[in-house]
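Student: Could we go through this structure together, beginning with the ligand?
Tutor: Certainly; here it is.

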Amino acid sequence: MKIPLSNALLDEKDIYEVLKVLKSKRLALGPYMKKFEEMVKNYVDTKYAVAVSSGTAALHLILKSLDFGENDILLTSSFTFISSANVALYEKGNVHFVDIEPDTLNVSLNALEEEIIKTKKKNSRLFFMGVDIFGHPLDWDKILDICQKYSVEIIEDSCEALGSEYKGKKCGTFGQAGAFAFYPNKQITTGEGGIIVTNNEKIYQITKAMRNQGRTSSKWLSHEVIGYNYRIDEMSSALGYSQMKKIDKIIEMRNKAAKNYEKLLTFLEIPVIKSYVTKMSWFVYVVKLPKGTDINKVIDYMAKNEIETRNYFAPIHLQPVYKKLGWKEGMLPITEEISKRTLAIPFYSEITFEEQEKVAFYLKKALELFS
Ligand SMILES: Cc1ncc(COP(=O)(O)O)c(C=O)c1O
């Protein structure tokens, strides 16, 4: 049987909660959205949470709530999912990509400070989209120092890091607001969905109105600001609510799977976890192939043996849409070198040890053939 890259953990309790919604016929803006928001905000320990239709919608609304616009600059990594940067382009702003640390694959602190110093001269407002890549927290104390020093506003793209902790504090809570995403490959899923978490009442009020066509009161046809339909429906919220009940178990299962890979993949560069990470909530498991390996041949070979793998991430700055804006090969050497050899291998809460053994076995063979 094929071993997929990811696989949501869904059980009878999830099905029960979603069916309950269908039977109630209250399919939108109902009690489950509020319950789901309560659970997430209590879990990450913020004052407010606003559930929306996707992680991208969450990031977009956060930027809108901070009045990010045409003359503003968003600094972020190119080694992330494309939404981390795209949301700045939605608002006709500018994106400046910063190179990464080769070990954690998170943004490089030195490169970030250098880019801030360079860009500060342009007299623009600067924002940093801090991505906790693959669930591994950024070094937040240092990031906060740098951003405070140069008055850079912080948004935390924690879409891949629900449950991860930096020095005992949950990811998603380090910037003015944070975002989580719930596509089925994430730690918990709502099918499609996302959430904004914040301690800032203004951000809460604005994002809550903007997810619902700019409504600020219960009057259905009263619109105070330009908004969007970024609402999450009740089926998704009920699933999220039910999934949140098992978040601790999910994180534990994924940690166990990561430990198994650590034992099985001694012939490879496996993910690095820094000592400041007090809790790791694994999103995907990404290994680095040796330099010179033909990654496409490895992917094909694994697929022939019924194992799904993917080259995570292809740098954003080299995507056609960003190349048109002037980005080219050679601008972010570490990102470019690393991304040629980062491979996501099957990883999900219920992966069995036998499946992991099979992955390790064929990966070793693939390296013998294509390195
Ligand atoms: C780092 C990061 N940011 C943003 C998103 C966007 O989330 P969504 O796909 O729910 O819009 C994702 C989802 O894959 C992500 O991994």
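Student: How far is the side chain of Asp157 from a nitrogen atom of the ligand?
Tutor: An N or O atom in the side chain of Asp157 lies 2.8 Å from that nitrogen atom. A polar contact is a pair of N or O atoms within 3.5 Å; within protein, one must be able to donate a hydrogen and the other to accept it, and residues adjacent in sequence count only if both atoms are side-chain atoms. Please note that this is a predicted model, in which local features need pLDDT of at least 70 and side-chain atom pairs count only at pLDDT 80 or more, while totals for chains, interfaces and linings use all residues. Side-chain values use heavy atoms, with hydrogens and water left out, and residues are numbered from 1 along each chain as its sequence is written.

Student: And which atoms of Gly55 and Lys186 approach oxygen atoms of the ligand?
Tutor: For Gly55, a backbone N or O atom is 2.8 Å from a ligand oxygen. For Lys186, an N or O atom in the side chain is 2.7 Å from a ligand oxygen.

Student: How much of the ligand does the protein bury?
Tutor: The protein buries 91% of the 390 Å² that the ligand exposes when taken alone. These accessible areas come from the Shrake-Rupley method with a 1.4 Å probe.

Student: Which elements give two or more residues to the shell?
Tutor: They are α3 (55-65) and α4 (83-90), and α3 gives the most, with three residues. Helices (H or I, at least four residues) and strands (E, at least two) are DSSP runs, numbered from the N terminus.

Student: How many residues surround the ligand in total?
Tutor: There are 15, and the closest are Gly55, Thr56, Asp157, Glu160 and Lys186. A residue is near a molecule if one of its heavy atoms lies within 4 Å of it.

Student: Changing topic, what is the secondary structure of the chain?
Tutor: The protein chain has 13 helices and twelve strands. Its radius of gyration, taken over C-alpha atoms, is 21 Å, close to the 21 Å of the globule rule (2.2 Å times the number of residues to the power 0.38) for 371 residues, so the chain is as compact as a globular protein of that length.

Student: Where is the cis peptide bond?
Tutor: The cis bond joins Tyr312 and Phe313, with omega about -15°. Phe313 lies in the loop between α10 (295-304) and α11 (320-323).

Student: What about phi of Lys25?
Tutor: Phi of Lys25 is near 65°, a positive value in a residue other than glycine. Lys25 is in the loop between α1 (12-24) and α2 (31-44). Most residues other than glycine have a negative phi, and most peptide bonds are trans.
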